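Welcome! Please take a moment to look over the model below, and then we can walk through it together.

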Amino acid sequence: MLVRIVDIKDKVHWINPVHVKVVTEGKKGVTLICLKHEVAWGSTVCVIKTRTHIDETAELLNMGMPDGLIGYAPPADDDQADEGGAAAAAAMMG
């Protein structure tokens, strides 16, 4: 789902959160949203500056993520699962 962001010049941007690489705090209460786009001739980087607080910006972007992609990790293939990783995780848990 696209997310509506208004930049510091009051220009409206509709962002696909899947393309956001980082959200960070800038100077003077500005939040920076860095996006990376893969295009036919390579990749481009875009930075959008907004006055929306960084936590609110991150929350908006998270709400726009497709279901199941927040904290997404692909399921292990049962035929090729590494039993050692599970044993190590169990040992760390306690």
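## Cysteines

How many disulfides does the structure hold? The structure holds 0 disulfides, where a disulfide is a pair of cysteine sulfur atoms within 2.5 Å. In general, a disulfide is a covalent bond between the sulfur atoms of two cysteines. C34 is in no disulfide, and the nearest cysteine sulfur, that of C46, is 8.7 Å away. C46 is likewise in no disulfide.

How covered are these two residues? Buried means under 20% relative accessible area, exposed over 50%, and partly exposed in between, with a 1.4 Å probe and protein chains only. C34 counts as buried because its relative accessibility is 17%. C46 has a relative accessible area of 30%, so C46 is partly exposed.

## About the model

This is a predicted model, in which local features need pLDDT of at least 70 and side-chain atom pairs count only at pLDDT 80 or more, while totals for chains, interfaces and linings use all residues. Residues are numbered from 1 along each chain as its sequence is written, and side-chain values use heavy atoms, with hydrogens and water left out.

## The chain as a whole

Let us step back to the overall layout. The chain has 2 helices and 5 strands, in the order β-β-β-β-β-α-α from the N terminus on. Helices (H or I, at least four residues) and strands (E, at least two) are DSSP runs, numbered from the N terminus.

Of the 94 residues of the chain, 19% count as buried. The chain exposes about 7300 Å², and carbon and sulfur atoms supply 56% of that area; accessible areas come from the Shrake-Rupley method with a 1.4 Å probe, and for residues only the protein chains shown count as cover. Contact means heavy atoms within 4.5 Å. Among the contacts in the chain with a separation of 6 or more, 32% are between residues 24 or more positions apart.

## Strand pairing

Now to the strands, which pair if DSSP finds at least two bridges between them. Strand 3 (residues 20-25) runs antiparallel to strand 4, and 5 bridges join them. In this pairing, V20 stands opposite L35, and the bridge partner of V23 is I33. The hairpin of strand 3 and strand 4 has 5 residues between the strands, and K28 there takes a positive phi near 55°.

On to strand 5 (residues 42-50), which pairs with strand 4 in the antiparallel sense over 9 bridges. The hairpin that joins strand 4 to strand 5 does so through 2 residues. C34, already met above, stands opposite V47 in strand 5.

## The nonpolar core

Which residues make up the largest nonpolar core? V3, I5, I15, V20, I33, L35, I48 and L61 do, 8 residues in all. A nonpolar core is a set of buried Ala, Val, Leu, Ile, Met, Phe, Trp, Tyr and Cys residues joined through side-chain atoms within 4.5 Å. Strand 1 (3-6) and strand 4 each supply at least two residues of this core.

L61 is one of the core residues. Leaving aside neighbours within four places in sequence, L61 is in contact with V3, I15, P17, V20, V23 and I33.

## A closer look at T31

T31 has its place in strand 4 (residues 31-39). Is T31 buried or exposed? T31 is buried, because its relative accessible area is 2%.

The side chain of T31 reaches the backbone oxygen of T52 at 2.7 Å and the backbone nitrogen of I54 at 3.3 Å. Beyond four places in sequence, the residues in contact with T31 include V23, I48, H53 and T57. T31 and A58 are 27 residues apart in sequence, and their C-alpha atoms are 9.9 Å apart in space.

Definitions and conventions. A polar contact is a pair of N or O atoms within 3.5 Å; within protein, one must be able to donate a hydrogen and the other to accept it, and residues adjacent in sequence count only if both atoms are side-chain atoms.
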